[in-house]
Amino acid sequence: FFFGGSIGAVQHVFGIFVTKKSRAACAMQLVLESFARGANHRPHTKKTRSLLQLILVLSATGISLSVFLLYSHYAGIHWHLCELGKHVSCSKINKSGASTIFGVPVAFMGVEWFAILLLAGWAAMTEQQPVLNAMIFLWCCVGLLFVIYFVAMEIMVEAICPFCTAVHLDVVFNLVLSYHLLKQTQPMPTVKEVWSQLTNYPQVLFSFLTLNGFMMGLFNMQWDMHDMSGLTWDLQAKTDLAVCLRNNKVVMWGASWCNSCKAQKESFDTAVGNLTIVDCAAKGNMNVCKSRNITSFPTWIYGKKRKIGLQTLDQLASFAGCQISHTPK
């Protein structure tokens, strides 16, 4: 519901679904004011303040980890720390489809969940608000349900993602902290009080669902840059590009376990044989890759320039200055 305030403001600015007199634009303020009127505030004890500070720190850490995972998901970058063997592999999780739910990256859900927890913790820092503390605990319980689901998916895939596991532990630690925070809350809020606050502002829930529905549609859109250019890469164009990259001494540094590297090779079809590719997973190449400071895959190097992650053929042509004749569609 804390997203309700920001979404309400957006609705107010753009005039979507609301009028000038709508309360949706100040939903956050209304909710917090309701707490102020009936929450029986008390000053924080040293322990409750410390618990909230730890929740804020863990929330910020969770946002950082989730943003990193979201970036890796779309950039097609694989990191050494995330590929430690057959059963410790982020790329295997991504390939299985366990990294998305209804097309929405799990990492985005992590950003959203931690952001709401951060806002709730910040709002509770002023003084003890029993109902708000209870809602923080309930929100952490929701997070635990998602953790259980994701761990079950990892068991099915027979692989774990180290960075995802760090996020899972973050959620569990927040749940433990929020439980102790609720135990220290005086007076303890009743179920009726919590439910009353949750149902008082239906426009907040509507705004939250609207946001997530919009994001689901956005993430499921198919973006095809080649269609936008009106050009296609036939086999001859791919071969010309591969030869140009080789002649310009452009090297692709990859690894045999890297799914983005495999996808990059497949983008060249049979012309891939014309590329210069170094497999950093091979024992004979490990020292060379280390000396070149290759820490993520694929990495394209052209002189002193670098391109990290899965690239389109147009991007590679521009990167190496290759003028390739395309076939109009």
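How are helices α5 and α7 oriented to each other, roughly parallel or roughly perpendicular? The tour of this predicted model starts with that pair.

**First stop: α5 and α7**

Select residues 106-123, which form helix α5, together with residues 162-184, which form helix α7. Their axes come within 12 Å and cross at roughly 30 degrees. Angles under 35 degrees count as roughly parallel, and α5 and α7 are therefore roughly parallel to each other. The handedness of this crossing is left-handed.

Next, display the side chains at the contact. From α5, choose Trp 113, Phe 114 and Leu 117; these meet Val 167, Asp 170, Val 171 and Asn 174 of α7. Coloured by class, the residues of this contact divide into five nonpolar, one polar and one charged.

**Second stop: Glu 154**

Move to helix α6, residues 130-157, and select Glu 154 within it. Is this side chain buried or exposed? Glu 154 has a relative accessible area of 9% and is buried. To see what surrounds Glu 154, leave aside the neighbours within four places in sequence and show Ile 93, Ala 159, Ile 160, Cys 161, Cys 164 and His 168, with which Glu 154 is in contact. One of these contacts, Cys 161, is itself buried, with a relative accessible area of 2%.

**Third stop: α11 and α14**

Now select α11, residues 235-247, and α14, residues 313-320. The two helices pack at an angle of about 35 degrees, and their axes are 10 Å apart. Their crossing is left-handed.

Which residues of α11 meet α14? They are Lys 238, Leu 241 and Leu 245, and on the α14 side the partners are Leu 313, Leu 316, Ala 317 and Ala 320. By class, the contact of α11 with α14 comprises six nonpolar residues, one charged residue and no polar residue.

**Fourth stop: the disulfides**

How many disulfides does the structure hold? There are two.

For one of them, stay with α11 and select Cys 244, which is joined to Cys 322 with an S to S distance of 2.1 Å. Cys 244 lies in α11, whereas Cys 322 lies in the loop between α14 and β10 (327-328), so this pair ties together parts that are 78 residues apart in sequence. Looking along the S-S bond of Cys 244 and Cys 322, one finds a torsion of about -95 degrees, so the disulfide is left-handed. Both ends can be checked for exposure: Cys 244 is buried at a relative accessible area of 17%, and Cys 322 is buried at 6%.

For the other, select Cys 280 and Cys 289, whose sulfur atoms are 2.0 Å apart in a disulfide. The torsion about the S-S bond of Cys 280 and Cys 289 is about -90 degrees, so this disulfide is left-handed. Cys 280 counts as buried at 6% relative accessibility, and Cys 289 counts as buried at 4%.

**Last stop: Cys 141**

Finally, select Cys 141, which is in no disulfide. Where is the nearest cysteine sulfur? It belongs to Cys 140 and is 7.2 Å away. A disulfide requires the two sulfur atoms to be within 2.5 Å. Cys 141 counts as partly exposed, at 25% relative accessibility.

Terms used: Residues are numbered from 1 along each chain as its sequence is written. This is a predicted model: local features need pLDDT of at least 70, side-chain atom pairs count only at pLDDT 80 or more; totals for chains, interfaces and linings use all residues. Side-chain values use heavy atoms; hydrogens and water are left out. Helices (H or I, at least four residues) and strands (E, at least two) are DSSP runs, numbered from the N terminus. Buried means under 20% relative accessible area, exposed over 50%, partly exposed in between (1.4 Å probe, protein chains only). Axes are lines fitted to C-alpha atoms, for helices over the stretch in contact, and angles run from 0 to 180 degrees between N-to-C directions. Angles under 35 degrees count as roughly parallel, over 145 as roughly antiparallel, 65 to 115 as roughly perpendicular and the rest as oblique. A crossing is left-handed if the near helix is turned anticlockwise from the far one by less than a right angle, and right-handed if clockwise. Contact means heavy atoms within 4.5 Å. Ala, Val, Leu, Ile, Met, Phe, Trp, Tyr, Cys and Pro count as nonpolar, Asp, Glu, Lys and Arg as charged, and the others, Gly among them, as polar.
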